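Student: Could you take me through the disulfides of this model, one by one? I'd like to see where each one sits in the chain.

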Amino acid sequence: MSRAREKSLKTKAYRIMRLYILFSILVSAVLFSPHVDASQVKFGSLCSGNPSNSKRGCDTKYGCGNYGASRDSGKRKHMGLDIVCADGATVYAPFDVKLNGKATPYKKDNAINNGISLSGEGLCFKLFYIKPDSYSGTLKKGQKIGTMLPMQKVYPGITSHVHVQMCDKSDPTKYF
Ligand code: ZN
């Protein structure tokens, strides 16, 4: 084999090897990148006394707790999901979260008009009817966010609950 031919073969081999290495890097980057699929996220326990996140059903006087339930005789819809939580119970971080400030359900103030905006696991959501211990910072899953407010004082006989609402008002049910 001529020197020139040998050299050109070597160059070709190097080129193929280089391509192969680049390709391997690309493939591993795709395969092992930490891809967050938010649709797979599940909420951990939100409230003491309700470890399985039982959802509020329907109350004779106040309607139902599912997303899309009728409110004000059909004039509006329930834009969140209600998770059973007794007055005074401890509310926990359902996963590692960042606290993004106060969020209130009503324009007119009452005894349960408090809550918090949160983000974590690629989700942005609000929890209503709780008194947070803090409105900023971060919490690990299972750490205390705050305390369930006295809902029975405002709606006697209702199934007391935390209201979970996504920031974009989409249906949170798939996360439970
Ligand atoms: Zn609700």
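Tutor: Here is a walk through the disulfides, with a short stop at a serine beside one of the cysteines in the contact list. This is a predicted model, in which local features need pLDDT of at least 70 and side-chain atom pairs count only at pLDDT 80 or more, while totals for chains, interfaces and linings use all residues. Residues are numbered from 1 along each chain as its sequence is written, and side-chain values use heavy atoms, with hydrogens and water left out.

Taking a disulfide as a pair of cysteine sulfur atoms within 2.5 Å, we get three of them. Count the bonded cysteines along the chain and the pattern reads 1-4, 2-3, 5-6.

Let's start with Cys47 and Cys85, whose sulfur atoms are 2.0 Å apart. Their link is right-handed, with 80 degrees about the S-S bond. Cys47 lies in the loop between helix H1 (3–32) and strand E1 (58–59), and Cys85 in the loop between strand E5 (81–84) and strand E6 (90–92), so the pair ties together parts that are 38 residues apart in sequence. (Helices, H or I with at least four residues, and strands, E with at least two, are DSSP runs numbered from the N terminus.) Both Cys47 and Cys85 are buried; for relative accessible area, buried means under 20%, exposed over 50% and partly exposed in between, with a 1.4 Å probe and protein chains only.

Now for that serine. Ser160 sits in the loop between helix H2 (151–154) and strand E13, and is buried at a relative accessible area of 8%. Beyond its neighbours within four places in sequence, Ser160 has contacts (heavy atoms within 4.5 Å) that include Cys85, Ala86 and Met148. The side chains of Ser160 and Gln152 also share a polar contact of 2.8 Å; that term covers N or O atoms within 3.5 Å, where within protein one must be able to donate a hydrogen and the other to accept it, and residues adjacent in sequence count only if both atoms are side-chain atoms.

Next come Cys58 and Cys64, with sulfur atoms 2.0 Å apart. The torsion about their S-S bond is about 105 degrees, so this disulfide is right-handed. Cys58 is exposed, with a relative accessible area of 56%.

That leaves Cys124 and Cys167, again with sulfur atoms 2.0 Å apart. Here the torsion is about -70 degrees, so the disulfide is left-handed. The pair links distant parts of the chain, 43 residues apart: Cys124 in strand E9 and Cys167 in the segment after E13. Cys124 is partly exposed at 36%, and Cys167 is partly exposed at 32%.
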